[in-house]
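Colleague: Before we look at this together, could you take me through the reasoning behind some of the labels, setting each value against its definition?

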Amino acid sequence: MTDRTLRGRVAIVGIGETAYYKHGKSPDPEFVLALKAILAAAKDAGIDPRRIDGFASYSNDRNDPSRLAAALGLPELRFSNMQWGGGGGGGAGAVANAAAAVAGGLADCVVVFRSLAQGQFQRFGAAPPGGVATGEAALNAPYGVMSPAQRYAMRAMRFLHENKIGDGAQRAIALASYAHAQKNPRAVMNGKPLTAEAYDASRWIVEPWRLFDCCMENDGAAALIIVPAEQAKDFAKKPAYLLGAALGSEYRNGARGHNAPLYATSSFTTVAPHLYAMAGVKPKDVDVLQSYENFTGGVLMSLVEHGFFKAEEANDFLVPDNLMAPGGKLPLNTSGGNLAECYMHGLELQVEAVRQLRGESTAQVKDPHVSMVIAGPMVTPVSSMILGSVETL
Amino acid sequence: MSYLKPGLPAPVAENDGLDAPYWEGTRRGELMVQRCKSCGTWQWGPEWICHKCLSFDIGWVQVEGRGKIYSWERPWHPVHPALKDQGPYIVVLVELPHAGNIRMLGNLLGDPKQQVRIGAEVEAVFEPHDDAKPPFTLVQWKYR
């Protein structure tokens, strides 16, 4: 272990969320959602919000840190950071960037946040009409490849083909999210359980993905507060220490026109080994996992690339019982995740990972110490992170 | 007659000209891709530099329009107004073994509900859109 690590250097001491809405249904503008989530996180941490001195986000969040700092009357702004590219793949990367800033002494109290109001702004899953396409889009849009589902389905299709993976594997991931959402009153799909029969009968969005393989789109905001580990015990709630984080993607993942040499991946083949090396844990040590579901096939590949099972074991491992809290081998997406809690662009997954370590989840795993988050798969760059209780330090 | 209904975004070359030789080639019915003049590496999509030897001396060569289906998808849900009444359609990613296994994306012509076989051999079909403004030509694929 080198000295250059984030292991045990910072902790998440506050989490905050707005109510979660169907897309376009937020009564508040996006900036107000961001403010409300940040204030909720400060309240959860038991601090005056004016102690915040930095912001980190991802996917070109529209709520500029300088405006936030002015609106909140912060005495000073010391860190303002955007994870570049990759959309929801940057969720753990934003935490990593905030952690690096705190560990490196650039700031003392950094908020990681994401806010979306898709009624105020355009949806991800709809294409603008007409017009022209250039560059990467010119190689895709004229052939009817425009939405994220259309953009990534061929990666999953190739993986499913190469490894002879049947329909049940992706279905199990969807069923786990929906089952957990039924226990979670915050979840948009709470009260709307999903059966295997309903999954099988649902319409195709783009083969190999049915309606329930695809994330929702929602309005809302979420925030986390990151401070130096040595201060972590001074806050209101049990701290969640960062054990490791990694971001990036493998060789030429971003080659245009679907020419990534390792096409049938979720982009984590080089990232995951860095994550485990920093965290000093192995896949079998992970007590509970949140894995970003843009599409279930992406989760499937993420789990393989993070070493939870081999691709040829996917059909056997990915059955609902293995993924359920509290008793499953690998409790997955215990709040309902992007499929059934809220598509808070994945940041709701980091919040849930903290909640699990505190013992506050609505689908609580028994006495977890290692809580992991994998951010959006198949994009580039991607990112993942591992949190631990004080006992893991 | 185009495979997809008209009204989708029209491809135009980038304003720095990087991919202009490709789009100009399709108008002539020629499939043009990059091949490094220094080391012979095939490259697609286009870039200004060879990813292998880092030479800026990238050339364009015509390749035979044939390959094997590497992956595919069948969109059903229309995300663009032009596709509202389209119904399902097939997108294929085709690998060109005779050009360094570069991959090209297009639609698979024929029945949109047909079975798609990964590994099957396909050949390119040029699909001109002469009435579009600006005019362009797409590269589609059909089973050989």
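Modeller: Gladly, and please keep in mind that this is a predicted model. Let us begin with N60(A), which has 11 C-beta neighbours inside 10 Å.

Colleague: Why does N60(A) count as exposed with that number of neighbours?

Modeller: A residue is called exposed if 12 or fewer other C-beta atoms lie within 10 Å of its own. N60(A) has 11 such neighbours, and therefore counts as exposed. N60(A) sits in the loop of chain A between strand 3 (54-58) and helix 2 (65-71), and its phi is positive, about 50°, although N60(A) is not a glycine.

Colleague: H258(A) also has a positive phi; is H258(A) buried or exposed, and how do you know?

Modeller: The cut-off for buried is 20 or more other C-beta atoms within 10 Å. For H258(A) the count inside 10 Å is 25, so H258(A) is classed as buried. Its phi is about 65°, although H258(A) is not a glycine either, and its place is the loop between strand 10 (240-248) and helix 7 (271-279) of chain A.

Colleague: What makes the peptide bond from A325(A) to P326(A) cis?

Modeller: The angle to look at is omega, which for this bond is near 0°, and the bond is accordingly described as cis. P326(A) belongs to the loop between helix 10 (320-323) and helix 11 (337-341) of chain A. In chain B, the bond from K133(B) to P134(B) is likewise cis, with omega near -5°, and P134(B) lies in the loop that separates strand 8 (121-129) from strand 9 (136-143).

Colleague: How many residues does each chain bring to the contact between chains A and B?

Modeller: Chain A brings 38 residues and chain B brings 34 residues. On the side of chain A that touches chain B, strand 6 (132-133), helix 4 (148-162) and strand 7 (204-207) each supply at least two residues, and helix 4 of chain A gives the largest share, six residues. Sorted by class, that side of chain A has 20 nonpolar, 13 polar and five charged residues.

Colleague: How do you know that strand 7 of chain A pairs with strand 5 of chain B?

Modeller: Two strands pair if DSSP finds at least two bridges between them. Two bridges join strand 7 of chain A to strand 5 (residues 66-75) of chain B, so the definition is met. The two strands run antiparallel, and V206(A) has P75(B) as its bridge partner in strand 5 of chain B.

Notes:
Residues are numbered from 1 along each chain as its sequence is written. Chains are lettered from A and ligands numbered from 1 in the order in which they are written. This is a predicted model: local features need pLDDT of at least 70, side-chain atom pairs count only at pLDDT 80 or more; totals for chains, interfaces and linings use all residues. Helices (H or I, at least four residues) and strands (E, at least two) are DSSP runs, numbered from the N terminus. Two residues are in contact if their C-beta atoms, placed from the backbone, lie within 7 Å. Ala, Val, Leu, Ile, Met, Phe, Trp, Tyr, Cys and Pro count as nonpolar, Asp, Glu, Lys and Arg as charged, and the others, Gly among them, as polar.
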